[in-house]
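Trainee: I should like to learn how to read a protein structure step by step. May we go through one together?

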Amino acid sequence: MAYEPQPEHKFTFGLWTVGNVGRDPFGVPTRDPISPVEIVHMLAEVGAYGVNLHDNDLVPIDATPAERDRIVRDFKRALEETGLVVPMATTNLFTDPAFKDGAFTSNDPRVRAYALQKTMRSMDLGVELGAKVYVFWGGREGTETDASKNPLDAAKWFREAINFLCEYAIDQGYDLKFALEPKPNEPRSDLYLPTVGAMLGFIATLDHPEMVGVNPEVAHEHMAGLNFLHAVAQAWDAGKLFHIDLNDQLFGRYDQDFRFGSAMLKQAFFLVKFLEDVGYDGSRHFDAHAYRTAGYEDVREFARGCMRTYLILKEKAERFNQDAEIQALLQEIRQDDGSTSYLAGGYSREKAERLKNETFDRTALGARNLPYERLDQLTVEILLGVR
Ligand code: GCO
Ligand code: MN
Ligand code: MN
């Protein structure tokens with residue numbers, strides 16, 4: 001059926017997304033909590049492929065070992081009954097007051113050690129459930145005042161933590177890749193490593209950069225007023241797009257986590273087109289939640305909407321790629337008379353000499369009509385459904 005999610009689409013949701021109870025800084029929950037087992041069944045009902053989790057989405061932070069085992073057993077049974085998989089796991093290093101000044105970048109070495117311990121245990125749980133990607137979102141790795149922390153110390157501590165955990169994964173023989181998730185602010189005033197570009201720069205300084213990539217999120221780059229597609233393309237280009245968090249977010253607003261494609265549709269279109277064109281084959285993870293006004297019936301609509309919009313935009317991308325007029329325009333834009341083809345294949349002294357002696361008709365270069373208005377209008381017409 002058209003726009004029906006299938007396992008090969010790899011649509012996943014976090015336990016914390018459809019399980020979000022509608023709490024915000026101004027109001028108490030508007031929905032009763034539902035259990036992880038119920039969430040798994042709800043996700044299966046709407047057609048998702050997988051479910052991701054923080055350790056404490058499943059096992060409460062103060063659970064006894066016996067409680068943990070029972071909870072994990074029930075959860076595994078729900079996975080078996082529904083066929084859902086757990087492709088990604090992560091650690092909650094932000095809810096408990098112990099982490100109020102960060103986890104790996106806390107000024108307190110005991111907090112940093114506790115964060116490492118909690119992450120190792122959570123990695124064990126994730127691997128037990130089948131996860132192949134482990135996400136690190138530095139929820140409180142940042143500051144309100146820079147009087148409190150030296151950013152160089154924070155960078156060093158964060159690096160030491162990721163290096164330690166890479167070694168732990170190797171030592172345990174885990175088949176696990178790490179995906180670091182940048183965010184510019186919220187819940188701290190300023191979070192360290194705020195953008196995809198910053199994170200990619202940091203990864204290059206690690207002991208095992210080959211194990212570590214990024215988990216970019218639409219909302220996070222949008223909060224910083226940045227072009228998400230460009231960030232994703234840079235990550236892809238670097239071979240570092242290990243995971244992706246899809247949602248939506250207007251520029252300049254609070255952390256919205258809206259349904260995918262609900263706020264900036266055109267950006268969502270170019271993103272889907274990119275992921276499909278390059279053949280990204282990781283999870284399409286929706287890190288979003290329903291409006292606070294929703295009851296669980298509407299939460300289901302929210303989840304269905306994320307996947308359905310993705311699939312509609314995928315179809316629009318195919319339409320764009322097959323549109324004869326659009327393709328002719330793209331060809332016209334990229335026309336090549338071959339006169340500079342000698343530059344292909346990189347530098348040589350001869351090429352440099354030849355290029356320095358070349359004569360360019362600068363006026364003609366600047367006078368060329370670039371049909372981007374037409375191209376964009378055709379794109380808009382595809383999105384509006386008249387083409
Ligand atoms: C946020 C983040 C989180 C992370 C999650 C998984 O803004 O709160 O996007 O939802 O993605 O902790 O790492
Ligand atoms: Mn987020
Ligand atoms: Mn996220």
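Mentor: The questions below concern a predicted model, and they take up its metal sites, a strand and a helix.

Trainee: Which residue bridges the manganese ion (ligand 3) and the manganese ion (ligand 2)?

Mentor: The protein donors of ligand 3 are E181, E217, D245 and D287, at 2.0 to 2.2 Å. Ligand 2 is coordinated by E217 and H220, at 2.1 to 2.2 Å. The two ions lie 3.7 Å apart, and the residue that bridges them is E217.

Trainee: What is the geometry of the site of the manganese ion (ligand 3)?

Mentor: Ideal angles for six octahedral donors are 90 or 180 degrees. Around ligand 3 there are six donor atoms, with angles of 82 to 178 degrees among them. The site is therefore classed as octahedral.

Trainee: How many residues apart are E181 and D245?

Mentor: The donor residues of ligand 3 follow the spacing E-x35-E-x27-D-x41-D in sequence. E181 belongs to strand β6 and D245 to strand β9, so this pair links distant parts of the chain. Their separation is 64 residues.

Trainee: Is D245 buried or exposed?

Mentor: A residue counts as buried under 20% relative accessible area. E181, at 6%, meets this cut-off. D245 has a relative accessibility of 1%, so it is classed as buried.

Trainee: Is strand β2 enclosed by the rest of the structure or open, and which strands pair with it?

Mentor: Five of the five residues of β2 (residues 50-54) are buried, so the strand is largely enclosed by the rest of the structure. G50, N52 and H54 point one way, while V51 and L53 point the other way. On pairing, T12 stands opposite G50, and L53 stands opposite A89. Parallel pairing joins β2 to β1 over three bridges and to β3 over two bridges.

Trainee: Within what arc do the buried residues of helix α15 fall?

Mentor: Helix α15 (residues 372-384) has 13 residues and reaches 18 Å from its first C-alpha to its last. Its buried residues are L375, L378, T379, I382 and L383. Seen down the axis, these residues line one face of the helix, because they fall within an arc of 140 degrees.

Trainee: Which residues of α15 are exposed on the other side, and what covers the buried ones?

Mentor: On the other side of α15, E373 and L384 are exposed. The cover over the buried residues includes α10, α11 and α12.

Conventions
Residues are numbered from 1 along each chain as its sequence is written. Chains are lettered from A and ligands numbered from 1 in the order in which they are written. This is a predicted model: local features need pLDDT of at least 70, side-chain atom pairs count only at pLDDT 80 or more; totals for chains, interfaces and linings use all residues. Side-chain values use heavy atoms; hydrogens and water are left out. Donors are N, O and S atoms within 2.8 Å of the metal (3.2 Å for Na, K and Ca); water is not among the atoms, so sites may look incomplete. Helices (H or I, at least four residues) and strands (E, at least two) are DSSP runs, numbered from the N terminus. The expected span of a helix is 1.5 Å times one less than its number of residues. Buried means under 20% relative accessible area, exposed over 50%, partly exposed in between (1.4 Å probe, protein chains only). The arc is that of the directions from the helix axis to the C-beta atoms. Contact means heavy atoms within 4.5 Å. Two strands pair if DSSP finds at least two bridges between them. Four donors count as tetrahedral if all angles lie between 85 and 135 degrees; four count as square planar and six as octahedral if opposite donors are over 155 degrees apart and all others between 65 and 115; anything else is irregular.
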